[in-house]
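Biologist: Please take a close look at one part of this model, the sheet and the helices that pack around it. I would like a connected account rather than a list.

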Amino acid sequence: MAEPSEGARDAEAVSKFVESFAAQLVEAGMQRMPARVFAALLSSDSGTLTSVELGEQLRISPAAVSGAVRYLAQQHMVAREREPGSRRERYRVHSNQWYEALTNREAVIKGWERALREGVDSLGGGTPAGRRLAETLAFFEFVDGEVASMMDRWRIHRERHFGDG
């Protein structure tokens, strides 16, 4: 059975999903407006919407859309695209947004690791604070290695189940 076009969808059902999934993202720590915009983009067949479309669907102002998209772009969860021959932008959710978001955290984790190493050196590894920092450093090094390994496995799994698209 063919999937209905976006125009044929039950707008109320889509809205319920967007708000429900956004609430889960907020519960996990994402800001409310970016969560709503992300859920709306994720639930669109094309994976792209304009600022006007997002504003109408979510009943939010252009400024709210702009702030949410800025945040999502910084998190590598959406990209801005210019429509050919137009000044209007479309916002696209990455097809592999979770992969992008996780792998782009690597630079953040590496920065934390450097700061923690400096802290251990400054405080001394034998002090209670130095040992606590060393354990925190070991945790982030462990997580970094596990995430890298997991993402390698994800690429294989994704290829097997969804192709390279």
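**A serine beside the helices, and the sheet**

Modeller: The backbone oxygen of A40 lies 3.1 Å from a polar atom in the side chain of S43. The model is a predicted one, and S43 makes a convenient starting point. S43 belongs to the loop that runs between α2 (32–42) and β1 (48–50). With a relative accessible area of 15%, under the 20% limit, S43 counts as buried. If neighbours within four places in sequence are left aside, the residues in contact with S43 are R9, V14, F17, V18 and Q57.

A40 and F17 come up again where the helices meet. Helix α1 (residues 11–27) and α2 have axes that come within 8 Å of each other and cross at roughly 135 degrees. Oblique angles are those that fall outside the parallel, antiparallel and perpendicular ranges, the antiparallel range being over 145 degrees, and α1 and α2 are therefore oblique to each other. Their crossing is right-handed. On the α1 side the contact is made by F17, V18, E19, F21, A22, L25 and V26. On the α2 side R32, A35, R36, F38, A39, A40 and L42 take part.

Helix α2 also packs against α3, at an angle of about 105 degrees and with the axes 11 Å apart. Since 65 to 115 degrees counts as roughly perpendicular, α2 and α3 are therefore roughly perpendicular to each other. Here R36, V37, A40 and L41 of α2 meet L54, Q57 and L58 of α3. A40 and R36 thus appear in the α2 contact with α1 and in the α2 contact with α3. Q57 of α3 is also one of the residues in contact with S43.

Next comes the sheet. It is open, has three strands in the order β1-β3-β2, and its pairing is antiparallel. β1 and β2 (78–82) stand at the edges with a single partner strand each, so one side of each has no neighbour in the sheet. From one strand to the next the twist averages 30 degrees.

The pairing of β2 with strand β3 (residues 89–93) is antiparallel and runs over five bridges. Within this pairing, E81 has R90 of β3 as its bridge partner, and A79 has R92 of β3. The two strands form a hairpin with six residues between them, and G85 in the turn has a positive phi of about 75 degrees.

Two of the helices already described pack on this sheet. α2 touches β1, β2 and β3, and its direction makes about 80 degrees with that of β3. Helix α3 (residues 51–58) touches β1 and β3, and its direction makes about 90 degrees with that of β1.

One last residue lies in the loop ahead of β2. H76 is found between α4 (62–74) and β2. It is partly exposed, with a relative accessible area of 35%. H76 and H94 are 18 residues apart along the chain, and their C-alpha atoms are separated by 8.3 Å.

Notes: Residues numbered from 1 in each chain as written. Predicted model: local features only at pLDDT ≥ 70, side-chain atom pairs only at ≥ 80, totals over all residues. Heavy atoms only, no water. Helix = DSSP H or I, 4+ residues; strand = E, 2+ residues; numbered from the N terminus. Buried < 20%, exposed > 50% of the residue type's maximum accessible area, 1.4 Å probe, protein only. Polar contact = N/O pair within 3.5 Å; in protein donor to acceptor, adjacent residues only side chain to side chain. Contact = heavy atoms within 4.5 Å. Pairing = 2+ DSSP bridges. Axes fitted to C-alpha atoms, helices over the stretch in contact; angles between N-to-C directions. Parallel < 35°, antiparallel > 145°, perpendicular 65-115°, else oblique. Left-handed = near helix turned anticlockwise from the far one by under 90°.
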